[in-house]
Amino acid sequence: HKAIEFYEQALVIDLEIGDRRGESADLGNLGNRYSNLGNASKSIEYIEKSLAIKREIGDRKGESIQIENIGHIWLNLLEYQKAEKNYQEAIQIADETSFPMVQTNARCGLAEVHLLQNDLVNARTTIEAALQYDVNNDAYGTTALHGVITLRQGERETAQEAFAKSIAQADEILS
């Protein structure tokens, strides 16, 4: 709630000075905070406003982030088709702009969609594609998801390797 207060204050300032990039960032951050609070409709409202500005100012990487964020909201609401559509659009833009963070994160989200729909073949293909990007922010999560998918496919040894690697990646962050 405190973060929302500060982002609202920042939004007022960015509107006053005409900083469209800052305005878009504030709207996106407000959307993410409302998502954290479980208010999906308000979250989507803010993120869509941010997305419109990203498109207006030609910020393709920012556009891919906001589309991915909407995908996460739909995934949390178990709206798999809507989540899949957003993730695929985010992946397309991220691939066009060579943006590894979204190339990885949107593929992880898409792999989760496939996993939750018990489409293990596409889940595996998608998570293995996500593993190809060198992004340190959540490598352990990507690797752990790979472990879950391979375990669900009955490949215990591959899953154990993935989980061990995920733990090592998390330990590296902690140290």
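## Confidence and conventions

The protein chain has a mean pLDDT of 96, with 99% of its residues at 70 or more; pLDDT is the predictor's confidence in each residue, from 0 to 100. Among the elements, helix α5 (residues 80-97) has the highest mean, 98, and helix α9 (residues 156-174) the lowest, 94. Helices here are DSSP runs of H or I with at least four residues, numbered from the N terminus.

A word on the ground rules: this is a predicted model, where local features need pLDDT of at least 70 and side-chain atom pairs count only at pLDDT 80 or more, while totals for chains, interfaces and linings use all residues. Residues are numbered from 1 along each chain as its sequence is written, and side-chain values use heavy atoms, leaving out hydrogens and water.

## Helix α8 and H146

Let's turn to α8, residues 139-152, the helix that holds H146. Its 14 residues should span 20 Å at 1.5 Å a residue, and the end C-alpha atoms are indeed 20 Å apart; the expected span is 1.5 Å times one less than the number of residues. Buried residues in α8 are T142, T143, L145, H146, G147, I149 and T150, where buried means under 20% relative accessible area, exposed over 50% and partly exposed in between (1.4 Å probe, protein chains only). Their cover includes α6 (100-116), α7 (120-130) and α9. Just after the helix, G154 adopts a positive phi of about 85°.

H146 itself has a relative accessible area of 11%, so this residue is buried. Leaving aside residues up to four places away in sequence, H146 touches R124, I127, E128, L131, T158 and A162, with contact meaning heavy atoms within 4.5 Å. The side chains of H146 and E128 also share a polar contact of 3.5 Å (a pair of N or O atoms within 3.5 Å; within protein, one must be able to donate a hydrogen and the other to accept it, and residues adjacent in sequence count only if both atoms are side-chain atoms).

## Aromatic rings and charges

Rings of Phe, Tyr and Trp (its six-membered ring) pair if their centres lie within 6.5 Å, with planes under 30 degrees apart stacked, over 60 edge-to-face and the rest tilted. The count comes to one aromatic pair: Y34 and Y46 are stacked, 5.5 Å centre to centre with 0° between the planes. Because Y34 lies in α2 (residues 20-36) and Y46 in α3 (residues 40-57), the pair ties together parts twelve residues apart in sequence. Y34 is buried at 10% relative accessible area, and Y46 is buried at 13%.

Charges join in too. The charged end of K49 sits over the ring of Y46, 5.7 Å from its centre, and K82 lies over the face of W74, 4.4 Å from the ring centre. A charge sits over a ring if NZ of Lys or CZ of Arg is within 6 Å of the ring centre and within 35 degrees of the ring normal.

Note on methods. Helices (H or I, at least four residues) and strands (E, at least two) are DSSP runs, numbered from the N terminus.
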